[in-house]
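Please open the model in your viewer and keep the selection tool at hand. The tour moves from one selection to the next and says what is found at each stop.

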Amino acid sequence: PTHRVGGACAGSAKVDAIDHWAGEQESLAEQVAEKQAAEDSDDVNLTSQAIVTFASKRSANYATQTQLWKTGSHWQVELCPDPGNIAWGSLCKSLPVALAFKIHTAFWFVFILLFWTPITVAVLSLANLTELAQRDAFSFLQPILEWSPDVTAFVEGVLPPVLLILLNWLPLLLLRIFCGMERHSSFSDGDRKYTCIGYAFQFSHVFLLVVLSGTFLENVDKVVGQSLMGVIDLIAEAVPKQANLFVNYVLNLALIMRGIQLVQLNRLLIGGFVQLKAKTERQKRGARMFLSQFPFSVHYIPVLLVFTIALIYSTIAPLLCLFATLFFTLTYGVHKYTLSYSVRNPGDSGGLHYASVLWIILFALGFKQFMMI
């Protein structure tokens, strides 16, 4: 195995990885011995970090998820990633380069959020087709309403949530790529950030835009000239009316997306081409395991989104909780099956997603209280 010292951007030659890291280990061992010999010296500075070992991985996971002091930020415990979970290629990036990639991700997140808003609003306008067709500016939609009632019901009820699920796949894929380009100590750390960014995008484009677009598309004449409190009253009236759209969205997530995950459609389509190119036994074995990882971040985002929607509508439209229960039941069964028989991850995240998911749940609870005002 070879290793490029300083990273690919440094332009340095490749060296033997075993010899290089063996030399680094010997050098660090000498430095550690010198520091230990000078332990009683006044020149030794105390550090704010320490390495603690545990008898079992479960105990270490408990320590990472437990508040060890009266203030949560006083002691912070982090697990060292598993060897298979370490992002070796990412660690070679210097701190200025890492900062540049963080700014790069933030810029593209804002750009995609703004660029995708008109597309999402156009899709959501299908759910308000009848109201829009009654406006003079959208009178060209009247011939669509003259079609079969089944076609109109399909366009207004089924098509918008399906298009939301399919169209939001592309920006989420781009955000995941941008998060992976940053400097992370482990792949799980990158997935953790993608969970937060992906949830923020889905919450904005699936929940907020549905509520706001439903308000303005149904009340175009009323919104103009309204005061702030008047607009808030219109939003409060529109929120219960969007329950049917959210029911269809949750139902399509449960039936379509869980079905695609169960049959492993991505492995069947893409993995088949990879297996055709495999020649040696090692390549064939790698082709069979292609796309066999279980991306927790990809599956956390829709689960957290459905939890947020169900929590907010639990007192507005309690029937939606029934469909959310169906979604979580199917998700549990599909995830249990795939984790047991179909997929595997190279390393354990050690509960790294716990804090992020907890804060998202607390945000959902806070937003629920805000909606009840």
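Begin at the surface by selecting Arg282, Lys284, Arg285 and Arg288, which together form a positive surface patch. The model you are looking at is predicted, and every stop on this tour should be read with that in mind. Within the patch, pick out Arg285, which has its place in helix H14, the helix made of residues 281–288. Colouring by accessibility would show Arg285 as partly exposed, because its relative accessible area is 47%, a value in between the limits of 20% for buried and 50% for exposed.

**Aromatic rings**

Next, display the aromatic side chains, among which a search of the whole structure finds 20 pairs. One of these pairs is made by Phe107 and Phe111, a stacked pair with 6.3 Å from centre to centre and 20 degrees between the planes. Select helix H4, residues 95–124, and you will have both Phe107 and Phe111 in view, 4 residues apart, which is about one turn of the helix. Phe111 counts as partly exposed, since its relative accessibility is 39%.

How are the rings of Phe294 and Phe296 arranged, stacked or edge-to-face? Select the two and look at the rings: the centres are 5.0 Å apart and the planes stand at 75 degrees, so this pair is edge-to-face. In Phe294 and its partner you can also compare the accessibility of two paired residues, for Phe294 counts as buried with a relative accessibility of 6%, whereas Phe296 is partly exposed with a relative accessible area of 30%.

To finish with the rings, select Tyr199, Phe203, Phe207, Phe246, Tyr313, Phe363, Phe367 and Phe370, which ring pairs link into a cluster.

**Salt bridges**

Now turn to the charged side chains, where the structure holds 2 salt bridges. For one of them, select Lys193 and Glu182, whose closest N and O atoms are 2.8 Å apart. This salt bridge links distant parts of the chain, 11 residues apart, with Lys193 in helix H9 and Glu182 in the loop between helix H8 (169–180) and H9. Is Glu182 buried or exposed? Glu182 counts as buried, because its relative accessibility is 1%, while Lys193 at 22% counts as partly exposed.

Stay in helix H9, which covers residues 187–218, and select Arg192 together with Asp189, whose side chains meet in a salt bridge with 2.6 Å from N to O. Arg192 and Asp189 both lie in this helix, 3 residues apart, or about one turn of the helix. Here Arg192 is partly exposed with a relative accessible area of 27%, whereas Asp189, with 15%, is buried.

Before leaving, return to Lys193 and add Ser297 to the selection: the two are 104 residues apart in sequence, yet 8.6 Å apart in space from C-alpha to C-alpha.

**Residues from separate parts of the sequence**

The last two stops follow the same idea of tracing positions in sequence and in space. Select Tyr354, which is found in helix H17, made of residues 353–371, and then add Thr64, which lies 290 residues away along the chain, with 9.3 Å separating the two C-alpha atoms. Tyr354 counts as partly exposed, as its relative accessibility is 39%.

Finally, go to helix H12, residues 243–263, and select Leu262 there. Which distance separates the C-alpha atoms of Leu262 and Thr338? With both selected, a line drawn between these atoms spans 7.1 Å, although the two residues are 76 residues apart along the chain. Leu262 is partly exposed, because its relative accessible area is 41%.

Conventions:
Residues numbered from 1 in each chain as written. Predicted model: local features only at pLDDT ≥ 70, side-chain atom pairs only at ≥ 80, totals over all residues. Heavy atoms only, no water. Patch = residues over 30% accessible without salt bridge, like charges linked within 9 Å, V, L, I, M, F, W, Y side chains within 5 Å. Areas by Shrake-Rupley, 256 points an atom, 1.4 Å probe, with all protein chains shown as cover. Salt bridge = Lys/Arg side-chain N within 4 Å of Asp/Glu carboxyl O. Lys, Arg positive; Asp, Glu negative; His and termini not counted. Charge placed at Lys NZ, Arg CZ, Asp CG, Glu CD. Helix = DSSP H or I, 4+ residues; strand = E, 2+ residues; numbered from the N terminus. Buried < 20%, exposed > 50% of the residue type's maximum accessible area, 1.4 Å probe, protein only. Phe/Tyr/Trp six-rings, centres within 6.5 Å; stacked < 30°, edge-to-face > 60°.
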